[in-house]
Amino acid sequence: MSLETLNLQSPVLSPGSLFDANEFDHYVMKTYGRFPIALVKGSGCRVTDNYGKEYLDFVAGIATTTLGHAHPNLIKTVTEQIQKLHHVSNLYYIPEQGELARWIVEHSCADKVFFCNSGAEANEAAIKLVRKYAHEKLDLDNPVILTAKSSFHGRTLATITATGQPKYQKGFSPLVPGFAYVPYNDIGAIENAITDIDEGNTRVAGIMLEALQGEGGVRPGELEYFLRLRKICDETGILLIFDEVQVGVGRTGKYWGYENLGIEPDIFTSAKGLAGGIPIGAMMCKDFCNVFEPGSHASTFGGNPFACAVALTVLQTIERENILQNVQQRGEQLRTRLRAIAMKYPQLCKEVRGWGLINGLELHSDSKITSIDVVKAAMTEGLLLAPAGPKVLRFVPPLIVTAEEVEEAAIKLERAIVATL
Ligand SMILES: *Cc1c(COP(=O)(O)O)cnc(C)c1O
């Protein structure tokens with residue numbers, strides 16, 4: 001059972017409130033299968049529902065609330081910036097946008113940044129950049145972008161097409177032309193696709209991948225695969241694009257996911273955790289492939305002073321408070337605890353994998369118990385987890401999570417597993 005198809009009872013969202021879940025669904029399009037709780041406040045790694053029940057938040061808005069809830073630095077920046085200036089058009093120079101771009105350029109392989117508002121939009125920008133580059137620099141009329149099976153790149157038409165999972169594309173044809181799919185971590189498949197897709201003006205112009213597949217089940221990229229991929233791109237002139245929407249901004253214990261693989265992409269994207277939960281997206285590229293010019297691409301909200309000031313605060317907080325070290329240490333601690341639990345319940349648990357604070361616990365495919373079953377049991381124990389597909393539990397707490405909180409999560413997870421067996 002997937003999150004999308006989960007059919008829930010109608011819980012009262014708030015005692016004495018106007019809304020129960022039925023009324024909510026009467027007004028809001030039912031595009032989500034929602035768990036039957038309503039979270040109303042949070043602090044650090046903890047959130048509280050409308051009944052006052054507290055949860056340890058190992059979802060973090062799906063790898064988004066980087067600094068947790070109600071972080072004092074966020075409160076300060078949000079308050080100061082809304083009083084100063086929150087939105088102006090990109091018709092004008094925006095100092096906060098420039099400062100944020102400088103931070104990103106000085107702390108990554110990128111030379112230039114474009115700002116938008118979400119992960120899908122950042123990937124759209126990357127797709128457009130690859131196509132424009134292909135037309136102008138490679139003289140290609142029909143550029144093709146390779147993506148991986150089990151990938152996730154967003155929900156716009158181009159990004160569901162880029163997403164190598166038919167379930168997200170179902171019902172939305174005709175899809176966007178110019179995409180082809182290869183199995184992840186399989187270099188032979190890339191080589192074959194490049195050879196097969198080469199006819200006249202149709203050729204592979206870009207390869208877009210996640211450094212670690214998030215939605216696809218927390219699957220880390222393999223070093224050897226990415227080293228050879230980089231070499232192929234260097235030899236052929238194909239652009240290498242990393243979708244860092246989920247793994248960027250310190251999530252893996254390094255600023256960017258690609259740093260775990262010893263290579264640099266030509267283009268990469270960021271969103272989720274970049275402003276710690278305030279909407280923002282960004283597309284970064286090296287100068288040689290920056291073919292955008294005035295009029296090529298735009299976004300009304302993209303790069304507004306508010307979102308940019310908050311993102312800069314998130315990044316500076318990670319840097320000044322040495323949060324990457326916490327991510328590495330808490331990640332090790334969490335994987336050690338998860339492996340111990342997996343060994344204790346081998347009938348259910350298959351494998352633990354991940355980098356930094358993006359980790360997955362895979363359940364055996366032949367077990368009747370799904371990730372949703374364990375997520376629900378964990379919720380009862382006061383621990384929020386997100387599934388990454390039907391058989392993988394995902395652990396993506398705020399990057400400020402403490403050793404005590406990791407230990408508490410492990411204890412709650414074990415209780416939840418026992419309850420499902
Ligand atoms: C979440 C996600 C997206 C989509 O981001 P939105 O902000 O929801 O549009 C794209 N790519 C990856 C890897 C993601 O995890």
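So, the shell around the ligand: by class, it has three nonpolar, six polar and three charged residues. Keep in mind, everyone, that this is a predicted model.

Who's in that shell? Going along the chain, the ligand is surrounded by Ser118, Gly119, Ala120 and Asn123, then Phe152, His153 and Gly154, then Glu210, and finally Asp243, Val245, Gln246 and Lys272. And which element gives the most to the shell? That's helix 5, residues 119–137, with three residues.

Okay, polar contacts. I've got three to show you, each to an oxygen atom of the ligand. Start with Lys272: an N or O atom in its side chain is 2.6 Å from a ligand oxygen. Next, Gln246, where a polar side-chain atom sits 2.7 Å from an oxygen of the ligand. Then Gly119, and here we're talking backbone: an N or O atom of its main chain lies 2.8 Å from a ligand oxygen. How much of the ligand does the protein cover? On its own, the ligand has 380 Å² of accessible area, and the protein covers 81% of that.

Let's move on to helix packing. For a packed pair, the description is the angle between the two axes plus the distance between them. I'll go through two pairs.

Pair one is helix 3, residues 72–84, with helix 10, residues 305–320. Their axes come within 9 Å and cross at roughly 155 degrees. Anything over 145 counts as roughly antiparallel, so that's what helix 3 is relative to helix 10. As for handedness, the crossing of helix 3 and helix 10 is right-handed.

Pair two is helix 11, residues 323–344, and helix 13, residues 403–420. Here the axes come within 10 Å, and the crossing angle is roughly 20 degrees. Under 35 counts as roughly parallel, and therefore helix 11 and helix 13 are roughly parallel to each other. Helix 11 also passes helix 13 in a right-handed crossing.

Last bit: two backbone details, in case you're setting up anything from these coordinates. Where's the cis peptide bond? Look at the one from Ser173 to Pro174, with omega near 0 degrees. Pro174 lies in the loop between helix 7, 166–169, and strand 6, 179–182.

The other detail is Ala63. Its phi is near 55 degrees, so to speak a positive value in a residue other than glycine. You'll find Ala63 in helix 2, which covers residues 60–63.

Note on methods. Residues are numbered from 1 along each chain as its sequence is written. This is a predicted model: local features need pLDDT of at least 70, side-chain atom pairs count only at pLDDT 80 or more; totals for chains, interfaces and linings use all residues. Side-chain values use heavy atoms; hydrogens and water are left out. A residue is near a molecule or strand if one of its heavy atoms lies within 4 Å of it. A polar contact is a pair of N or O atoms within 3.5 Å; within protein, one must be able to donate a hydrogen and the other to accept it, and residues adjacent in sequence count only if both atoms are side-chain atoms. Accessible areas come from the Shrake-Rupley method with a 1.4 Å probe; for residues, only the protein chains shown count as cover. Helices (H or I, at least four residues) and strands (E, at least two) are DSSP runs, numbered from the N terminus. Ala, Val, Leu, Ile, Met, Phe, Trp, Tyr, Cys and Pro count as nonpolar, Asp, Glu, Lys and Arg as charged, and the others, Gly among them, as polar. Axes are lines fitted to C-alpha atoms, for helices over the stretch in contact, and angles run from 0 to 180 degrees between N-to-C directions. Angles under 35 degrees count as roughly parallel, over 145 as roughly antiparallel, 65 to 115 as roughly perpendicular and the rest as oblique. A crossing is left-handed if the near helix is turned anticlockwise from the far one by less than a right angle, and right-handed if clockwise.
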